[in-house]
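Visitor: Could you take me through one part of this model up close? I'd like to see how a single piece fits in with what's around it.

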Amino acid sequence: RTGYVVPVMGGRLTGTITAGGQPVAFDGGSGYHDHNWGFWEGVSWQWGQAHQGDLSVLYGRVFAPADAADADRIPAFVGVLGADGPLGYATSVVITETNDAAGQPQTITVRGRGPAVDVTLRFDVESAETTRMAEGPLGNDLDFLQMRGAYQVTGRAGSRDIDFTAPGAAETFGVVRLALWRGKGIVGLALFHRVSHRAAEPDRGPAQYRHDRPQQEARRYESP
């Protein structure tokens, strides 16, 4: 069996992490907790979360291996939680990831619309950590990007108007490209992160991984 659950979309942190011999206190911070289990080999995803006051917003989409499930039949989602429980969710979702000329993620825009939700999230990336996923239980020959940044969230959920800015996190997958150049007697190497998924397009078939040359690009996913 395979599953994913979010027991805490937004909570208050207490505690300390020691890194390099230096303690870092997290008392009074905002926290989030999810958990997945089961078979995740070859799986990738888009995910992000923001929390402000009594509101928590979560978006995501899972890309299963082609031999396990049709990716176009697994929609993205956006959910909004208030102090008294869920305010609404949407599965009509557009996720657009924009990279710079070197392929580094810069912004992610998410638009979710449903009967009780109409929200737009803009995530500006401040830093990113990259993990190679070529081996291990999640091996899929892609790079796993974990990003920190700031969200701007606007729209409506239930009867509430939403307009806030807050720190948050996001995750996505990409590929690494290795470029070699020569100039002034120097041979150099550069690594470029590229996006790993594309939306289904009528002339190109179902959504799939792709390896493109590094350039400024927006990746767009729209729920089927």
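Guide: Let's start with S2 and strand S3, residues 22-25: they run antiparallel and are joined by four bridges. Keep in mind that this is a predicted model. One pairing to click on is threonine 18, whose bridge partner in S3 is proline 23. The hairpin made by S2 and S3 has two residues between the strands, and in this hairpin glycine 20 takes a positive phi near 60°.

Now look at isoleucine 17, which also has its place in strand S2. Ile17 joins Leu13, Val24 and Phe26 in a nonpolar patch on the surface, and together the four expose about 310 Å² of accessible area.

Strand S2 (16-19) has another role in the picture: it supplies at least two residues to the lining of the largest pocket, and so does each of several other strands, including S4 (30-37), S5 (44-52) and S13 (160-183). That pocket has a volume of about 870 Å³. Its lining counts 37 residues, with Tyr32, Trp47, Gln49, Gly168 and Ala169 lying nearest the centre. By type, the lining splits into 16 nonpolar, 15 polar and six charged residues.

From those strands you can hop to a charged contact. The side chains of arginine 160 and aspartate 54 form a salt bridge, 3.1 Å from N to O. Arginine 160 sits in strand S13 and aspartate 54 in the loop between S5 and S6, so this pair ties together parts that are 106 residues apart in sequence. Over the whole structure, a search turns up four salt bridges.

Methods:
Residues are numbered from 1 along each chain as its sequence is written. This is a predicted model: local features need pLDDT of at least 70, side-chain atom pairs count only at pLDDT 80 or more; totals for chains, interfaces and linings use all residues. Side-chain values use heavy atoms; hydrogens and water are left out. On a 1 Å grid over the protein atoms alone, a cavity is a set of points where a 1.4 Å probe fits but cannot get out, and a pocket is an open set with protein on both sides within 12 Å along at least five of seven lines; lining residues have an atom within 4 Å of a point. Grid points are joined across faces, edges and corners, and a volume is the space filled by probe spheres set on the points. Ala, Val, Leu, Ile, Met, Phe, Trp, Tyr, Cys and Pro count as nonpolar, Asp, Glu, Lys and Arg as charged, and the others, Gly among them, as polar. Patches are made of residues with over 30% relative accessible area and no salt bridge: like charges are joined within 9 Å, nonpolar side chains (Val, Leu, Ile, Met, Phe, Trp, Tyr) within 5 Å. Accessible areas come from the Shrake-Rupley method with a 1.4 Å probe; for residues, only the protein chains shown count as cover. Two strands pair if DSSP finds at least two bridges between them.
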